[in-house]
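Work through the exercises below with the model open. Try each task before reading its solution.

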Amino acid sequence: MDVIICPDDATVGRQAAAKIAQVVAAAGPEPVLGVATGSSPLSAYAALAELVAQGRIDLSKAWVFALDEYVGLPLDHPQSYHQTIRRTVTEPLGLDPARVKVPNGAAADLRQAGIDYEAAIAAAGGVDVQLLGVGSNGHIGFNEPTSSLASRTRLKTLTRQTRLDNQRFFDSLDQVPLHCLTQGLGTIRDARHVVLVAAGQSKAEAVRAIVEGPVTALWPGSVLQLHARATVIVDEAAASRLSLADYYREMLANLPGWQKVVW
Ligand code: GLP
């Protein structure tokens, strides 16, 4: 696992975008990008939009797969992840909407919707690079604590903590859906590269557990320790509980040239 500690969230975003651009450049004309909702990846989307505008990354034929969707919200609800991804990813990056997929949380048969989503990812050739945020309880996608480390896209029940965290997007806790359709931890692990971004003190404990704790379903993001190409990019506040922070800084400062990702 590579850990990159940045002075601020804007730098987190630029580092993540640079890493994604590096993978995309090597992936061929139809790269497959995995995207996440939440505030954490917004700085990465802003930086990616800049790279697109400068012609330094070509996403015109990219296939894009979101991690998750609420169950119980119409897909045209402003807080549905269909609409969130359209506003924060598809439009700013000028993506082809026909190539941007979000799990169908409004499907009558959610089990089949999960199977269909896995098949769509496979048909696109698998995800080249997956961008992830992390919940304060260590979830990635909506894989709440005790999710199977081998899970695939399926229905999950949100924890009270996650619903409280997401209440800011709704008028009251009652309106935050109780269920979701999310890629599994096994699905996420299949991505060829994974980039997790986190900023702020509220993520410090989750980042510590994911990077330096044991691999455990209690901290679902810790499954990334089993991934051969995982990069964790955090600001100083999110890094504040890492015991080996000095080692990560020293490693980054002394990377051999061919390993460097330059913005
Ligand atoms: C939601 C999403 C996750 C995201 C998390 C953190 O639960 N399903 O993919 O990582 O929020 O959100 P934020 O980045 O806003 O803290």
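**Exercise 1: Two neighbours in one loop**

Ser147 is buried, with a relative accessible area of 1%. The model is predicted, so local features need pLDDT of at least 70, side-chain atom pairs count only at pLDDT 80 or more, and totals for chains, interfaces and linings use all residues. Residues are numbered from 1 along each chain as its sequence is written, and side-chain values use heavy atoms, with hydrogens and water left out.

Task: Place Ser147 and Thr146, then classify Thr146 as buried or exposed.

Solution.
- Step 1. Find the loop. Thr146 sits between strand S6 (129-132) and strand S7 (154-157). Ser147 lies in the loop between S6 and S7. Strands (E, at least two residues) and helices (H or I, at least four) are DSSP runs, numbered from the N terminus.
- Step 2. Apply the cut-offs. Buried means under 20% relative accessible area, exposed over 50%, and partly exposed in between (1.4 Å probe, protein chains only). Thr146 has 58%, so it is exposed. Ser147 has 1%, so it is buried.
- Step 3. Check the backbone. Thr146 is not a glycine, yet its phi is positive, at about 80°.
- Step 4. Look along the chain. Ser147 and Thr216 are 69 residues apart in sequence, and their C-alpha atoms are separated by 9.5 Å.

**Exercise 2: The ligand shell**

Task: State how many residues surround the ligand and sort them by character.

Solution.
- Step 1. Count the shell. The ligand has 14 residues around it. A residue is near a molecule if one of its heavy atoms lies within 4 Å of it.
- Step 2. Pick out the closest. These are Ser39, Ser40, Asp68, His139 and Lys203.
- Step 3. Sort them. Three are nonpolar, eight polar and three charged. Ala, Val, Leu, Ile, Met, Phe, Trp, Tyr, Cys and Pro count as nonpolar, Asp, Glu, Lys and Arg as charged, and the others, Gly among them, as polar.

**Exercise 3: Polar contacts and cover**

Task: Which atoms lie 2.6 Å, 3.3 Å and 2.9 Å from ligand oxygen atoms?

Solution.
- Step 1. Set the limit. A polar contact is a pair of N or O atoms within 3.5 Å; within protein, one must be able to donate a hydrogen and the other to accept it, and residues adjacent in sequence count only if both atoms are side-chain atoms.
- Step 2. Assign the distances. A side-chain N or O atom of Ser39 is at 2.6 Å. A backbone N or O atom of Val134 is at 3.3 Å. A polar side-chain atom of Arg168 is at 2.9 Å.
- Step 3. Add the cover. The protein buries 93% of the 390 Å² that the ligand exposes when taken alone.

**Exercise 4: Ser40**

Task: Locate Ser40 and find its side-chain partner.

Solution.
- Step 1. Ser40 is in the loop between strand S2 (32-35) and helix H2 (42-53).
- Step 2. Its relative accessible area is 13%, so Ser40 is buried.
- Step 3. The side chains of Ser40 and Lys203 are joined by a polar contact of 3.4 Å.

**Exercise 5: Helix H5**

Task: Are Asp165 and Gln161 buried, exposed or partly exposed?

Solution.
- Step 1. Asp165 is in helix H5 (residues 160-166). Gln161 lies in H5 too.
- Step 2. Asp165 has a relative accessible area of 26%, so it is partly exposed. Gln161, at 37%, is also partly exposed.

Methods
Accessible areas come from the Shrake-Rupley method with a 1.4 Å probe; for residues, only the protein chains shown count as cover.
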